[in-house]
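Colleague: I have a new model open on my screen and would like to talk it through. Could you walk me around it?

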Amino acid sequence: MKKDYEKQIRELCGKMTLEEKVGQLQQCGPSLVGAFEVSFEELLDMMFDGRISKEEFEKLMGTAEQDFHEEDLRAGKVGSYNGIGDAATINRLQKIAVEETRLGIPLLFGYDVIHGFRTVTPIPLAESCAWDQELWERTARVAAEEATAAGVHMTFAPMVDVAKDARWGRISEGAGEDVLLNSAYGVAKVKGFQGEDLAKENSMAACVKHLAAYGAAEAGRDYNRVDLSMQRLWEEYLPPYKACIDAGARAVMPAFNDINGVPCSVNAWLLRDILRRKWGFDGLVVSDSNAIAECVCHGIAEDKKDAARQAILAGIEMDMSSNSYTAHLRELIERGEVAESVLDEAVADVLRIKYELGLFEHPYQTNETREQNTMLKLEYRAVALEAAEKSIVLLKNEDRVLPLKPGTKLGIFGTLAADRGQMTGAWAIGARPEDCISIVDALEANNVHYQYSADGTDLSKIASMSDVLIAAIGETKEESGEAASRADITLKPKDMELVRALCATGKPVVAVLFNGRPLAIPELDQTVPAIVEAWHPGLYAGSAIMHVLYGITNPSGKLTTTFPASAGQCPMYYAHTNTGRPGGKSKFTSKYLDAPVEPLYPFGYGLSYTTYAYENLALEKDEDGLWVRVQVRNTGKRAGEEIVQCYVQMPCAKRVRPVRELKAFTKTALEPGETKQAELKIAYDSLGYYDWEMNWIPYEGNLKVFVGGNVRDTISAEVILGSMSSEMCE
Ligand code: GLC
C-alpha cells in the first residue's frame, strides 16, 4: 500500500523560497549530454552544431574535471544528479544537500542502469529473445542490488520504445518490434527494479522511457520526426508505457522526438491529458538530456525561456542538464507567465518520489563497504550467464556442424573474439571490460584446443590445424545505441572477406555475430553452414557462446525483431498489413524489384539442437477470452525449451488489421520424445482496435489463430467472435 506524503509535501513546499523550488527541478549531469563523459572533440562538434554557445564551450573548457556544481548545491539550486555511480561521491554530495542547505532536502540520484550495473547482462534486444518474464525480472533485480549499493536511487529504464526499423541504433535498448513483448518486458523490469517496497535501500525507481514512440523515428534516423496516425500510436506504440505505469513505475522520461509536429518535451496532450489524466500517473516526469532546450532547435520555442515555459506547462517536472528551468523559471513566475501553483505541483512530484524512496528518513542509503561487498556477487554472475545463454539465437545450423564434439580443434578469427570491452554493448556505463569474458577467455579457461588470429593472418596454417573455424564478426558497441543509426546494415567488407577466406579452406565455418540490431546478412547466410546470433551478451559472453557451441546449453532464443534481407526493405516488421496486392510473383504486387518479399529471418525465429512438432490446436471461447491449446512434441534427441507463440489475424475489420499479431506466448521444457499441452489465453479486450473516428471497438467476426515456433511456421484454426452482423465482411 503506497504511503501518503501529501501533508509533509505541502508543509515543506510552504517553507521553500522560489529559488529553492526551482532548485528541486534541476538535475545536473557530470557532462552536457547526461551521463556520458564528453570528449573535447564532442564539445567542439556541439559548438559547431550550435548545440552549445561559444560561451558555454569556454566555460566547460574551464572545468576540465567533472563539475559537480557544489556551490549551486549549497545554495539549494540542485535537486538531482544524473550519471554519478559511486557511493563516495553520492554520499559526499548528499551530505552537502542534507547538512549544508537551508532545508536539507535530500538529492535524487538517477543513472542509466539499462542492462546491469557492474554485472552487465545482455543488451535488452538480446535478453528479449529469451521471451522469459521471470528472467527479465531477475536480471533487473540484480541490477538494482548493485546500482543501489553504489547509491543510485532511480534508473532511466526500462526503455520500451517499440522499434520496427533495424537502421535505428537504439533498437538495441528495448524488446524489439512487438508491442506485447515490449509491454511484458517493461513490466518485468519495473518489478525487478522497484521490488516490493520502494523505500527499501535495495530498491530503485524505474523511469520508463521514452514517452512516446521514439522507435518510430522516420527512416530509423535517431532523433528524427515521428509522424503517426493516432490509431497506430495507440495500437502499436503507447501500450508498453501504459503497462509499465500500471505496474507502478514511479518516473517517466519523455522522448526527444516530436509526435506529429509537437516535441514530446512540450506536448501537454501527451504529458497531461494522457499520462496524468487518462492513465492516472502521479510520479515524476524527468526530461531527456538537454531535451527542453532543444525545443528551440525543433522550432517550437523562441528561446530557452520559452522552452522552459512550455515544458513546465506541458508537465515536465525535472530538467535534465539543459539549465532551462534554473535560468528562466523564476522570471516566468515573477512575470506571471507561469503560475506558482504549476511550479508547486512540479516540486510536489519531485518531493513525493524522494519521500517514497525513503530519502528523507535515510538520505545515506549505502556506503563504500556495502558497495564493494555487493558488486559481481557469484549469484549475480550466474544470472548474467543464464541470461546470455537464453539470449543467443541459433540462426543456421546445416549439416549439424553444431554442437561441436568435445576435443574439436578450433580456429578462432576476428577481433571481437577477444575484445572483452565490446561484449558489454551500448549503455553499459558502469561496466568494466576486465570483468567480461570473451570467447578466447572462455576457451582458454576450459583448455579447449584453439588457435586465434585477430585479423586472419596465419589463416591457412591455423585452418590446417583446426577441425572447425569460428568467425567472430558484426558490430562494435559504438555502432549500436544512441546516435548510432546506420544506413547500411550489412556486415563490413572485411568481415565478409574473412568469412570467404575461411570457407575457402574447406573447413566448416561457424559465424558468431556480435551486434545491437538486425543485420542484413543474406550473403553470410548463403556462405556459412552455421550462424550463432550472440548480440552483445555482457559479462559472460564467451562462456555462454562456448556453452552453446559445445551443446552444454541447447539454444532456445527467438528473434524479437525481423531480420531484413537489405536495409532497403526497412522498416520491415511482421505485423504489417496485407495491402490490396500482397507481394507475390506477379508484377503488379507490393514488393521491390531488387529485394525479396520475405525477410531473411522472420520474427520469433530461432533454431534448437532438437526439433519440435505442433499438433491438435484447439480453441475454446470463455466469458472473457479465448483459450488456445496445442500439443508440442520434442521430435529430436535432446532436451530443449520451446517458445510457443500465438498469433491472430482479423481478416475483415472496420480498419485493416495486421496479417499477424502476437497475442500470447509461453515457454515449455521438453525431454526428447515428450509431448506437453501448451495453454494460452487471449483476452477479448486485447482484440479491440480503433476505427477511423478513433472509437475503440471489439473485434467481431472470423478470427484466425496461428500457433508455432515463429511467426511463419505455424498451424492454425479459426473461430467466430461476437455477433457476426450482416454488413460485416462476407
Ligand atoms: C540520453 C538518452 C536517455 C538517457 C539520458 C541520460 O540522451 O536519450 O535515454 O537516459 O540521456 O543519460
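Modeller: Happy to; we will go through some of its parts one by one, keeping in mind that this is a predicted model.

Colleague: Let's begin with the open sheet of eight strands. In what order do its strands run?

Modeller: The sheet is open and its strands pair in the parallel sense. Reading across it, the order is S9-S6-S5-S4-S3-S2-S1-S10.

Colleague: Which strands stand at the edges of that sheet?

Modeller: An edge strand has a single partner strand, so one side of it is left without a neighbour in the sheet. That description fits strand S9 (284–285) and strand S10 (319–320).

Colleague: Which residue is the bridge partner of Gln27 in S10?

Modeller: Strand S1, residues 26–28, pairs with S10 in the parallel sense over two bridges. Within S10, the partner of Gln27 is Met320.

Colleague: At what angle does helix H12 run to S5?

Modeller: Helix H12 covers residues 268–278 and lies across strand S5 (205–211), strand S6 (251–254) and S9. Its angle to S5 is about 135 degrees.

Colleague: Now to Thr101: is it buried or exposed?

Modeller: You will find Thr101 in the loop between helix H6 (87–100) and strand S3 (108–111). Its relative accessibility is 15%, and the cut-off for buried is under 20%. Thr101 therefore counts as buried.

Colleague: Which residue has its backbone nitrogen 3.0 Å from a polar atom of the Thr101 side chain?

Modeller: Leaving aside neighbours within four places in sequence, Thr101 is in contact with Leu73, Arg74, Gly76 and Ile96. The backbone nitrogen at 3.0 Å from a polar atom of the Thr101 side chain belongs to Gly104.

Colleague: Moving on to S14, how many of its residues are buried?

Modeller: Val468, Ile470, Ala472 and Gly474 point one way from the strand, while Leu469, Ala471 and Ile473 point the other way. Residues on both sides are buried. For S14 the count is seven of seven.

Colleague: Which residue in S15 stands opposite Ala471?

Modeller: S14 pairs in the parallel sense with strand S12 (residues 410–413) over four bridges, and there Phe413 stands opposite Ala471. S14 also pairs in the parallel sense with S15, over six bridges. In S15, the residue opposite Ala471 is Ala511.

Colleague: And what is the handedness of the crossover from S14 to S15?

Modeller: The chain leaves S14, passes through helix H21 (residues 493–504) and arrives at S15. This β-α-β crossover is right-handed.

Colleague: Which helices and strands do the buried residues of H23 pack against?

Modeller: Helix H23 spans residues 541–549, and nine of its nine residues are buried; among them are Ile545, Met546 and His547. Those buried residues pack against helix H18 (378–391), helix H19 (439–445), strand S14 (468–474), strand S15 (509–514) and strand S16 (530–533).

Colleague: What phi does Gly551 take, just after H23?

Modeller: Gly551 follows shortly on the helix of residues 541–549. Its phi is positive, at about 80 degrees.

Colleague: One last residue, Ala669: how does its accessibility count?

Modeller: Ala669 lies in strand S20 (residues 661–670). Not counting residues up to four places away in sequence, it touches Gly640, Glu641, Glu674 and Lys676. Its relative accessibility is 37%, so Ala669 counts as partly exposed.

Colleague: How many Å separate the C-alpha atoms of Ala669 and Glu356?

Modeller: Along the chain, these two residues are 313 residues apart. Between their C-alpha atoms, the separation is 40 Å.

Key. Residues numbered from 1 in each chain as written. Predicted model: local features only at pLDDT ≥ 70, side-chain atom pairs only at ≥ 80, totals over all residues. Heavy atoms only, no water. Buried < 20%, exposed > 50% of the residue type's maximum accessible area, 1.4 Å probe, protein only. Contact = heavy atoms within 4.5 Å. Pairing = 2+ DSSP bridges. Right-handed = clockwise from strand over helix to strand, strands pointing away. Polar contact = N/O pair within 3.5 Å; in protein donor to acceptor, adjacent residues only side chain to side chain. Axes fitted to C-alpha atoms, helices over the stretch in contact; angles between N-to-C directions.
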